[in-house]
Amino acid sequence: MLIKVAAGIILRGDKVFISLRKASQDQGGLWEFPGGKCDDHETVLEALKRELHEECGITITDSHFFKLVSHDYGSKTVELHFYKVTAFEGEPQGKEGQQVAWVNIKDLDSYEFPDANKGIVKDLLS
Ligand SMILES: Nc1nc2c([nH]c(=O)n2[C@H]2C[C@H](O)[C@@H](COP(=O)(O)OP(=O)(O)OP(=O)(O)O)O2)c(=O)[nH]1
Ligand SMILES: [Mg+2]
């Protein structure tokens, strides 16, 4: 099973907004860049906008494609389309009750992310 996912690296100055995946979710208890699965007939950018509105309550006004990562979790393979989100309207929040945090980019490696994110975290730190 291949799952196409859009994820937003929401940036403000030297900080990045991350959220904690709920225990009940896949990769639960790990931090993530907010986002979610692309619906059928939806472009990745449309999915990114929809997901960040649903999960964080923001409206993206500027974003740039950053990296595509395919990762095999065994039962499923995720194709993660990471975008840097550099401008938005609204203040990001955990709209679905998830824990969220603005963290310094240089401290990102002290948060535990899913395996698929290891490279991205490294890229952001370099
Ligand atoms: N959003 C997000 N998902 C990630 C990241 N890293 C990573 O491995 N994933 C995986 C976990 C999930 O298997 C999949 C994304 O699914 P999701 O649970 O966010 O999807 P969704 O928001 O549409 O949630 P749902 O409605 O299906 O519950 O990608 C990441 O940084 N952000
Ligand atoms: Mg999600």
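**Exercise 1. Work out how residues 1-126 divide between helix and strand, and how far apart the chain ends lie.**

Step 1. Keep in mind that you're looking at a predicted model.
Step 2. Take the secondary structure over residues 1-126: helix makes up 17% and strand 43%.
Step 3. Now go to the two ends, whose C-alpha atoms are 32 Å apart.
Step 4. For a label, turn to the UniProt record: an unreviewed entry there lists residues 1-126 as "domain: Nudix hydrolase".

**Exercise 2. Describe helix α1: what is its reach, which of its residues are buried, and what do they pack against?**

Step 1. Find α1 at residues 44-56, a run of 13 residues.
Step 2. Check its reach. From first C-alpha to last it spans 17 Å, close to the 18 Å expected at 1.5 Å a residue.
Step 3. Pick out the buried residues: Ala47, Leu48, Lys49, Glu51, Leu52, Glu55 and Cys56.
Step 4. Look at the spacing. An α-helix has 3.6 residues a turn, so residues three or four places apart point the same way. Ala47 and Glu51 are both on the buried list, and so are Leu48 and Leu52.
Step 5. See what sits opposite: the buried residues of α1 pack against β1 (2-12), β4 (35-37), β5 (59-72) and β6 (77-89).
Step 6. Step off the end of the helix and you land on Gly57, which has a positive phi near 75°.

**Exercise 3. Find the largest nonpolar core and say which element supplies the largest share of it.**

Step 1. This core has 24 residues, and Ala6, Ile9 and Val85 have the most contacts inside it.
Step 2. Sort by element: β1, β2, α1 and β6 each supply at least two core residues.
Step 3. The largest share goes to β6, with six residues.
Step 4. Zoom in on Ala6. Setting aside residues up to four places away in sequence, Ala6 touches Gly35, Gly36, Cys38, Val44, Ala47, Leu48, Glu51, His81 and Tyr83.

**Exercise 4. Is Cys38 buried or exposed, and which residues does it contact?**

Step 1. Locate Cys38 in the loop between β4 and α1.
Step 2. Count its surroundings: 21 other C-beta atoms lie within 10 Å, so Cys38 is buried.
Step 3. List its contacts beyond four places in sequence: Lys4, Val5, Ala6, Val44 and Ala47.
Step 4. Take Lys4 from that list. Lys4 and Cys38 are 34 residues apart along the chain, yet their C-alpha atoms are separated by 5.8 Å.

**Exercise 5. Compare Gln27 and His41: where is each found, and is each buried, partly exposed or exposed?**

Step 1. Start with the backbone. Most residues other than glycine have a negative phi. Gln27 has a positive phi of about 60°, and His41 has a positive one near 65°.
Step 2. Place them: Gln27 is in the loop between β2 (15-20) and β3 (31-32), while His41 is in the loop between β4 and α1.
Step 3. Judge exposure. Gln27 has 15 C-beta neighbours inside 10 Å, so it counts as partly exposed. His41 has 6, so it counts as exposed.

**Exercise 6. Describe the shell around ligand 1: how many residues surround the ligand, and which element gives the most?**

Step 1. Count 17 residues around ligand 1, the closest being Glu32, Gly35, Gly36, Pro114 and Ala116.
Step 2. Group them: β1, β4 and β6 are the elements giving two or more residues.
Step 3. β4 gives the most, three residues.
Step 4. Sort by class, and you get eight nonpolar, five polar and four charged residues.

Notes. Residues are numbered from 1 along each chain as its sequence is written. Chains are lettered from A and ligands numbered from 1 in the order in which they are written. This is a predicted model: local features need pLDDT of at least 70, side-chain atom pairs count only at pLDDT 80 or more; totals for chains, interfaces and linings use all residues. UniProt positions are given in the numbering used here, feature names are shortened, and annotations may be inferred rather than shown by experiment. Helices (H or I, at least four residues) and strands (E, at least two) are DSSP runs, numbered from the N terminus. The expected span of a helix is 1.5 Å times one less than its number of residues. A residue is buried if 20 or more other C-beta atoms lie within 10 Å of its own, exposed if 12 or fewer, and partly exposed in between; C-beta atoms are placed from the backbone. Two residues are in contact if their C-beta atoms, placed from the backbone, lie within 7 Å. A residue is near a molecule or strand if its C-beta atom, placed from the backbone, lies within 6 Å of it. Ala, Val, Leu, Ile, Met, Phe, Trp, Tyr, Cys and Pro count as nonpolar, Asp, Glu, Lys and Arg as charged, and the others, Gly among them, as polar. A nonpolar core is a set of buried Ala, Val, Leu, Ile, Met, Phe, Trp, Tyr and Cys residues joined through C-beta atoms within 7 Å.
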